[in-house]
Amino acid sequence: MIGQHEINSLNKFKPFEQLMLLASRSKVGDDEKKYMIELANNPAMDWAAFLGTSFLNRVNGVVYKNIKEIDAINHYVKYFLKIAFIEQCERTRIHQQEIKIIADAFENNSIRYSFMKGAVLNTIFYEPGLRISNDTDIMVDINDLDKAGEILKELGYIQGSEKNGVICPASKKEIMFARLNTYEIVPFIKAIGDRHLSFHEVDINFRLSNEDSTKSAREMLADTVVLHNGQFNIRTLSLENFLMFLCIHHYREATMIFKIVRGEDLSLYKFMDIHVLLTAKKQKIDWDKLYDIAVLFDKIRDVYYTLYYTEIFFPLSVPPDIMEKFKPEDERFINQYKGRDNTDQVYNWKMDLISRAFSNDRRLEAMENIHEENERYKEIIKQLER
């Protein structure tokens with residue numbers, strides 16, 4: 001719950017952006033509801049932008065939960081959000097069934113693994129319908145990759161991609177390239193045959209990022225827990241490792257030029273996930289342990305960047321002393337982005353964070369440098385093919 005001071009800090013955003021940010025909080029108190037009503041009655045409220053941006057940022061489920069009882073909200077907006085919420089409930093149900101099948105198979109075969117990101121968040125931290133996932137992320141020890149792959153194949157999965165309703169198997173060259181040069185293997189995909197979830201994709205990571213060794217992932221997989229949602233169990237990393245993995249993932253995507261030009265860098269749901277996680281488990285997080293892990297893996301920047309942006313969008317998510325604890329001496333990287341994982345080139349944002357948060361103009365700015373990154377990528381491919 002936030003107070004009037006924190007509400008005032010959101011005034012730098014447009015009315016529809018403020019309403020979306022307040023409505024996507026895990027809990028909404030009386031002060032927030034009062035201000036949300038004021039925003040809904042504001043003549044400058046842009047309902048089309050509010051609805052569209054909520055969907056594009058994948059926070060529409062939580063937004064619906066928090067605005068459905070507010071009479072001042074445009075009734076068509078609530079109607080379309082409700083339809084999506086019902087659909088997401090059904091999709092989540094099917095998704096969780098598939099997750100359980102994989103979990104049981106991996107447990108029975110002693111695979112060293114952990115479910116990551118949405119598979120855990122949707123199952124444990126969000127009620128059905130509040131959040132949607134496009135795939136299932138799993139971290140697997142590199143020595144168990146082949147065994148895990150064989151199990152997925154036995155369950156009906158194929159390594160490849162879905163195009164126009166058809167699964168296209170990956171070539172041996174594509175499979176080998178991904179394994180040798182990235183932090184994940186070519187995804188596994190299976191036709192589900194359900195109208196709510198036609199295909200289920202499984203992404204398997206065996207490193208934290210392109211720059212990390214497999215040793216880091218193995219160390220994290222040595223510290224897993226089994227969480228319960230009342231229906232089934234799900235194995236994942238300890239809370240501190242799970243939070244750090246999310247920070248690593250968000251930092252990579254928020255600062256990668258190819259994500260920026262596609263508009264996938266600052267999707268609000270990523271920071272909402274951090275907010276929800278901290279709100280649910282704030283008192284149980286061992287911040288000293290998280291700090292030590294971040295130092296060990298050289299990920300202080302990743303953690304600070306993600307916490308910094310989360311606090312901008314969702315005030316009072318991160319205790320002030322924790323922000324200070326993780327704050328590096330040099331903060332310039334907060335307003336920088338880069339090329340692919342395997343490049344050192346960085347670019348300074350001309351637009352400030354508030355201006356670019358929900359604006360497509362940031363894509364146009366980043367595209368000024370996309371040619372340079374494309375040329376760099378072509379050179380990497382040439383070197384790999386020699």
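Ile-138 sits across from Ile-204 of strand S6, and that pairing is a handy way into the sheet of this predicted model. Ile-138 belongs to the stretch that makes up strand S2, residues 136-140, and S2 is tied to S6 by four bridges, with the two strands running parallel. On the other pairing of S6, things go the opposite way: strand S5 (residues 188-194) is joined to S6 by five bridges, and here the strands are antiparallel. Phe-188 stands opposite Val-202 in this pairing. Just two residues separate S5 from S6, and the two strands make a hairpin. So how enclosed is S6? Of its nine residues (197-205), seven are buried, so the rest of the structure largely encloses this strand. As a rule, side chains along a regular strand point alternately to one face of the sheet and then the other.

Turning to the helices, H6 covers residues 75-108 and can be checked against simple geometry. With 34 residues at 1.5 Å a residue, H6 should span 50 Å, and its end C-alpha atoms come out 49 Å apart, which agrees. At the start of H6, Asn-74 offers a side-chain oxygen that comes within 2.8 Å of the backbone nitrogen of Tyr-76. After the helix comes Ser-110, with a positive phi near 55 degrees. Ser-110 is part of the loop that leads from H6 to strand S1 (113-116). With a relative accessible area of 58%, Ser-110 is exposed, since the cut-off for that label is over 50%.

A positive phi is worth a second look: most residues other than glycine have a negative one. Ser-110 is not a glycine, yet its phi is positive. Leu-316 is another such case, with a phi of about 70 degrees although it is not a glycine either. Leu-316 also lies in a loop, this time between H15 and helix H16 (320-326). Its relative accessible area is 41%, so Leu-316 counts as partly exposed.

Helix H15 itself (residues 300-313) holds Val-303. Is Val-303 buried or exposed? Its relative accessibility is 0%, so Val-303 is buried. Leaving aside residues up to four places away in sequence, Val-303 touches Met-244, Cys-247, Ala-294 and Phe-326. Val-303 can also be placed relative to Glu-219: the two are 84 residues apart in sequence, and their C-alpha atoms are 18 Å apart in space.

One of the contacts of Val-303 is Cys-247, which is likewise buried, at 0% relative accessibility. Cys-89, by contrast, is partly exposed, because its relative accessibility is 22%. What does a search for disulfides turn up? Across the whole structure, the count is zero.

Helix H11 (residues 239-254) brings in Glu-240. For anyone wondering where this acidic side chain ends up, the relative accessible area of Glu-240 is 7%, so it is buried. Once residues up to four places away in sequence are set aside, Glu-240 touches Lys-284, Ile-285, Asp-286, Lys-289, Leu-290 and Ile-293.

Technical notes: Residues are numbered from 1 along each chain as its sequence is written. This is a predicted model: local features need pLDDT of at least 70, side-chain atom pairs count only at pLDDT 80 or more; totals for chains, interfaces and linings use all residues. Side-chain values use heavy atoms; hydrogens and water are left out. Buried means under 20% relative accessible area, exposed over 50%, partly exposed in between (1.4 Å probe, protein chains only). Contact means heavy atoms within 4.5 Å. A disulfide is a pair of cysteine sulfur atoms within 2.5 Å. Two strands pair if DSSP finds at least two bridges between them. The expected span of a helix is 1.5 Å times one less than its number of residues. A polar contact is a pair of N or O atoms within 3.5 Å; within protein, one must be able to donate a hydrogen and the other to accept it, and residues adjacent in sequence count only if both atoms are side-chain atoms.
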